Amino acid sequence: MAARLPDERLAPLPVNLDTVNIVFRESLSTPEEVASLLASKVLNRNPILSAEDHLYTHIGPDLTNLFFRPYSLKMWAMDLSETDASVVRRLEIRMDRDDRYFPNDTFQAMPSEGFTRLFERILDHDRIHVRLGESFSADVADAYDECFNSMPIDEFFGFDLGELPYRSIRFHLNEHAAEVTSAPYAVINYTDHGPFTRETWWHRISGHHVRPGPTVLRTVEEPCDYRDNGYERYYPVKTRDGRYDALYRQYAERISSDKRMHFIGRCGTYQYLDMHQVINQSLAHVGKWLERARHDTVA
C-alpha cells in the first residue's frame, strides 16, 4: 500500500523508513535514525484519548496532517481530535523498510484463485446451508442449540435504546488501459481533501486479474453514512468520549444471560476489527461452545 502525496509522489504505508525519507527528503538508512528523527517531530500528549493524541505522540503533526487528518475526516466525518485513539492505534509505525501491515503474522498469503472462489469452496459442504433474503427472528434461533449472530445488535433489540452509527463505502468500479498502471502498489490512499479515500488496482492482487486483456479494473472508495448506502454497515463509529461504546454495553448486557446467543463480527460486537480478528473472535466463540458441549456430553 502507498499514499499519493500532494506533489503526486507515492510513499509507502504503513509509515516506514522509506516513507520518512520521501516526506522529509532525507536519506536515512537505519531504524535508529528514523526513531531519532521522529522523536524530534512528536508532540507528546498525556493522556492519550483521541486519534490525534496517539499520532502526535508517535509520529508528530507533519505526518499526521499529511496521511491521516484528511483521510480520517472523509472516513469518519470527524476530525482526528474527535476520534477514539483505538481507530489508529492498530496502525503499524515501522522504523525499517518493511511495508506490510501484519509483519509478524505466521502466514503471509492471498488466495491463489481469489476470495470469491475461497468462500465458494468453504460453503460447498454438505453440512452448510445458505439461505438468502430472509429476515432474522428469535423464532428461527429457537430452533437451534446455538446462534452465532453477526447482525447489528441495536437492530436485534429494535433500536429501543438508541441507534449505533456506522460508516459505509460506495465503491466506484471502472476500467483503465493497462499501460497507465505502472505504479507497483495495489492500494493507493489519497491525501487530498476530495471525497475519495483510496483506489485499488485489482490486477496487482493475486487471483483477481480474471479478465486478462488491454484493460484492468480499478475501484475508488467514497466513504458515507451507512443510511446513504442501502444500510450497508462497514465501520462502527468510535468517538473520543466513548458514547457509542457505552450504548453498545447497554445492549450487550441484555444478552449476557442467554448462553445460546453469541454476537460476533463488527456489527455484533461494535468493534473496529480487521478481518483476521473477526475470524479469530468467531472461532473463539465456537471453541467455547464446543468445549461446553463436550463437557455436557461427558456429564
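# A guided tour, starting at tyrosine 270

Begin by selecting tyrosine 270, which sits in the loop between helix H10 (265–269) and helix H11 (275–298). Keep in mind as you go that this is a predicted model. Is tyrosine 270 buried or exposed? Its relative accessibility is 1%, and because buried means under 20%, tyrosine 270 counts as buried. Its backbone deserves a look too: phi is near 50°, a positive value in a residue other than glycine.

**Zoom out for a moment**

Show the whole chain as a cartoon. You should be able to pick out eleven helices and nine strands. Taken along the principal axes, the C-alpha atoms fill a box of roughly 65 × 55 × 40 Å. Of the 299 residues, 41% count as buried. If you turn on a surface, the protein exposes about 17300 Å², and carbon and sulfur atoms supply 52% of that area. Among contacts with a separation of 6 or more, 65% are accounted for by residues 24 or more positions apart.

**The loop between E7 and E8**

Now select the loop that runs between strand E7 (215–225) and strand E8 (235–236), where you will find tyrosine 231. Tyrosine 231 is another residue other than glycine with a positive phi, here near 60°.

Stay in this loop and move to arginine 233, which also lies between E7 and E8. Is this arginine buried or exposed? At 15% relative accessibility, arginine 233 counts as buried. To see what is around it, show side chains for the residues it touches: leaving out residues up to four places away in sequence, these are Pro152, Glu155, Phe159, Tyr166, Arg167, Tyr226 and Cys267.

**Two cis prolines**

Next, go towards the start of the chain and select leucine 13 with proline 14. The peptide bond joining leucine 13 and proline 14 is cis, with omega about 0°. Proline 14 is in the loop between strand E2 (10–12) and H1.

Then jump to asparagine 46 and proline 47. Here the peptide bond is cis as well, and omega is near 5°. Proline 47 belongs to the loop between H2 and H3.

**Helix H2 and its two faces**

Select H2, residues 31–41, and colour Val34, Leu37 and Leu38, which are buried. These three cover an arc of only 95° around the axis, which puts them on the same side of H2. An α-helix has 3.6 residues a turn, so residues three or four places apart point the same way. Rotate the view to the face turned away from the buried side, and you will meet the exposed residues Glu32, Ala39 and Ser40.

What covers the buried residues of H2? The cover includes helix H1 (17–24), helix H3 (51–58) and helix H4 (60–76), so keep those helices on screen for the next stops.

**Where H1 meets H4**

Hide everything except H1 and H4. Two packed helices are described by the angle between their axes and the distance between the axes. H1 and H4 pack at an angle of about 95°, and their axes are 12 Å apart. That makes H1 roughly perpendicular to H4. Show side chains at the contact: Thr19, Val23 and Phe24 come from H1, while Asp62, Leu63, Leu66 and Phe67 come from H4. By type, the residues of this contact divide into five nonpolar, one polar and one charged.

Pick valine 23, in helix H1, for a closer view. Not counting residues up to four places away in sequence, valine 23 touches Leu63, Leu66 and Phe67. For a distance check, draw a line from valine 23 to valine 237: the pair is 214 residues apart in sequence and 30 Å apart in space, C-alpha to C-alpha.

**Last stop: helix H3**

Finally, select H3. How many of its eight residues are buried? Seven are, so this helix is mostly covered. The buried residues are Ala51, Glu52, Asp53, His54, Leu55, Tyr56 and Thr57. Bring in H4 and helix H5 (86–89), which are included in what covers them. Just past the helix, select glycine 60: this residue follows H3, and its phi is positive, near 90°.

Notes:
Residues are numbered from 1 along each chain as its sequence is written. This is a predicted model: local features need pLDDT of at least 70, side-chain atom pairs count only at pLDDT 80 or more; totals for chains, interfaces and linings use all residues. Side-chain values use heavy atoms; hydrogens and water are left out. Buried means under 20% relative accessible area, exposed over 50%, partly exposed in between (1.4 Å probe, protein chains only). Helices (H or I, at least four residues) and strands (E, at least two) are DSSP runs, numbered from the N terminus. The arc is that of the directions from the helix axis to the C-beta atoms. Contact means heavy atoms within 4.5 Å. Axes are lines fitted to C-alpha atoms, for helices over the stretch in contact, and angles run from 0 to 180 degrees between N-to-C directions. Angles under 35 degrees count as roughly parallel, over 145 as roughly antiparallel, 65 to 115 as roughly perpendicular and the rest as oblique. Ala, Val, Leu, Ile, Met, Phe, Trp, Tyr, Cys and Pro count as nonpolar, Asp, Glu, Lys and Arg as charged, and the others, Gly among them, as polar. Accessible areas come from the Shrake-Rupley method with a 1.4 Å probe; for residues, only the protein chains shown count as cover.
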